[in-house]
There are 2 protein chains.
Amino acid sequence: MDADLFDASCPSRQALDRIGDRWSVLVVSTLAAGTLRHGEIAGRIGGITPKMLTQTLRGLERDGLVRRTVYAEVPPRVEYALTGLGRDLVGLVQQLTRWAEVHIPDVEAARADYDARPTASRK
Amino acid sequence: MDADLFDASCPSRQALDRIGDRWSVLVVSTLAAGTLRHGEIAGRIGGITPKMLTQTLRGLERDGLVRRTVYAEVPPRVEYALTGLGRDLVGLVQQLTRWAEVHIPDVEAARADYDARPTASRK
DNA sequence: CTGTATCCAAGGGGATACTG
DNA sequence: CAGTATCCCCTTGGATACAG
C-alpha cells in the first residue's frame with residue numbers, strides 16, 4: 001500500500017493521467033490552430049461524441065490548459081482557446097508526435113519481428 | 001467513420017497508446033537504472049501485480065523497447081534491459097516528467113481556482 | 001448550437017491461486 | 001523465481017435522447 005517513489009508521486013504519471021486519455025491530445029492539438037467553437041472542434045476531429053468533447057474540454061479547462069468563453073447571445077456561442085500553459089503542452093505533444101513519426105517504423109519492425117519469432121511467438 | 005487526419009493516423013496517438021497505460025512509463029523508467037530481473041522491477045515499483053508486470057514487459061519487448069534475456073539455469077533467471085529505442089523513449093519520458101514537475105503547480109492552482117469558482121462550479 | 005442525462009457494452013487491471 | 005490462469009469489478013467511452 002506504499003510504493004517507493006512512484007505511484008502518485010511520479011510527475012510523469014500525473015502528466016500522462018492528464019493527456020493519456022483518448023481525446024485530450026487530439027483536442028489540444030486541434031486548438032493549436034486557434035480559437036474554435038464546440039461544433040468546430042467536433043467537426044475537425046470527427047468521431048467524437050458531444051459528451052466526450054465536453055468532458056475533455058472541461059478537464060482541460062479545469063487544469064488551466066484551455067480557456068472557455070461564453071457569449072450570452074441568442075444562438076449560444078462558446079469559444080475555446082489554449083492558455084499559455086496549454087500552448088506549452090502542445091509543444092510537448094508535438095515533440096511526442098515527432099518522436100513517434102521517427103520511431104514508429106522501428107517499433108513496427110520490432111513488432112513484426114517479434115510476431116514472427118518461432119521461439120517466443122504466441123500473442 | 002472517417003476522421004480528417006486524426007484517429008489512428010495521428011502519431012502522437014500511437015505513441016500515447018504505447019506509453020499511456022498505467023505501467024509502461026513506470027517500468028521503462030525503472031529500467032533506465034540498468035538491467036533488472038522480474039522480481040527486482042516489481043520490488044522497485046511496488047503495487048504492480050505479476051500479471052501486469054509481465055503483460056507490460058511483453059508489450060514493451062514486442063515493440064522493441066525492452067530486451068528480454070532468459071538464462072537456462074536451475075533457478076530461472078530472466079533479465080530485462082532497455083534497447084536503444086527504449087533508451088530513446090526514456091529520454092522523452094524524462095522530458096515529460098520535467099514538464100510535469102515545472103507545471104504541476106500551475107495545473108493544481110488552476111484546478112483549485114476552477115473548483116472554487118462560483119460561476120461554473122459543479123464538479 | 002451547446003451541453004446534459006441515461007443506459008450500456010467492452011476492456012483494463014486488481015486479487016488470488018497455481019504451474020514449470 | 002518467473003510466469004500463467006481465473007474471476008471479477010470498475011472505469012472509460014460510445015449511442016441516444018433530451019434540455020437551455
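Buried area is the accessible area, taken with a 1.4 Å probe, that two parts lose on being put together, summed over both. In this predicted model, chain B and chain A bury about 4500 Å² between them, and 64% of that area lies on carbon and sulfur atoms. The contact involves 48 residues of chain B and 47 residues of chain A.

The polar side of this interface can also be described. Between chain B and chain A there are four salt bridges, and one pairing of this kind joins the side chains of Arg111(A) and Asp63(B), with 2.9 Å from N to O. Across the interface, 10 residue pairs are in polar contact, counting pairs with both residues at pLDDT 80 or more.

On the side of chain B that touches chain A, at least two residues are supplied by each of the helices H1, H2, H3, H4 and H5 of chain B, and H5(B) provides the largest share, 20 residues. The residues of that side divide by class as follows.

| Class | Residues of chain B touching chain A |
|---|---|
| Nonpolar | 21 residues |
| Polar | nine residues |
| Charged | 18 residues |

One helix pair shows how the chains meet: the axes of H4 of chain A (residues 50-62) and H5 of chain B (residues 84-116) come within 8 Å and cross at roughly 110°. Because angles of 65 to 115 degrees count as roughly perpendicular, H4(A) is described as roughly perpendicular to H5(B). In this contact, Arg58(A), Glu61(A) and Arg62(A) of H4(A) meet Val107(B), Ala110(B), Arg111(B), Tyr114(B) and Asp115(B) of H5(B); these residues divide into three nonpolar, no polar and five charged.

Note on methods: Residues numbered from 1 in each chain as written. Chains lettered and ligands numbered in written order. Predicted model: local features only at pLDDT ≥ 70, side-chain atom pairs only at ≥ 80, totals over all residues. Heavy atoms only, no water. Axes fitted to C-alpha atoms, helices over the stretch in contact; angles between N-to-C directions. Helix = DSSP H or I, 4+ residues; strand = E, 2+ residues; numbered from the N terminus. Parallel < 35°, antiparallel > 145°, perpendicular 65-115°, else oblique. Contact = heavy atoms within 4.5 Å. Nonpolar A, V, L, I, M, F, W, Y, C, P; charged D, E, K, R; others polar. Polar contact = N/O pair within 3.5 Å; in protein donor to acceptor, adjacent residues only side chain to side chain.
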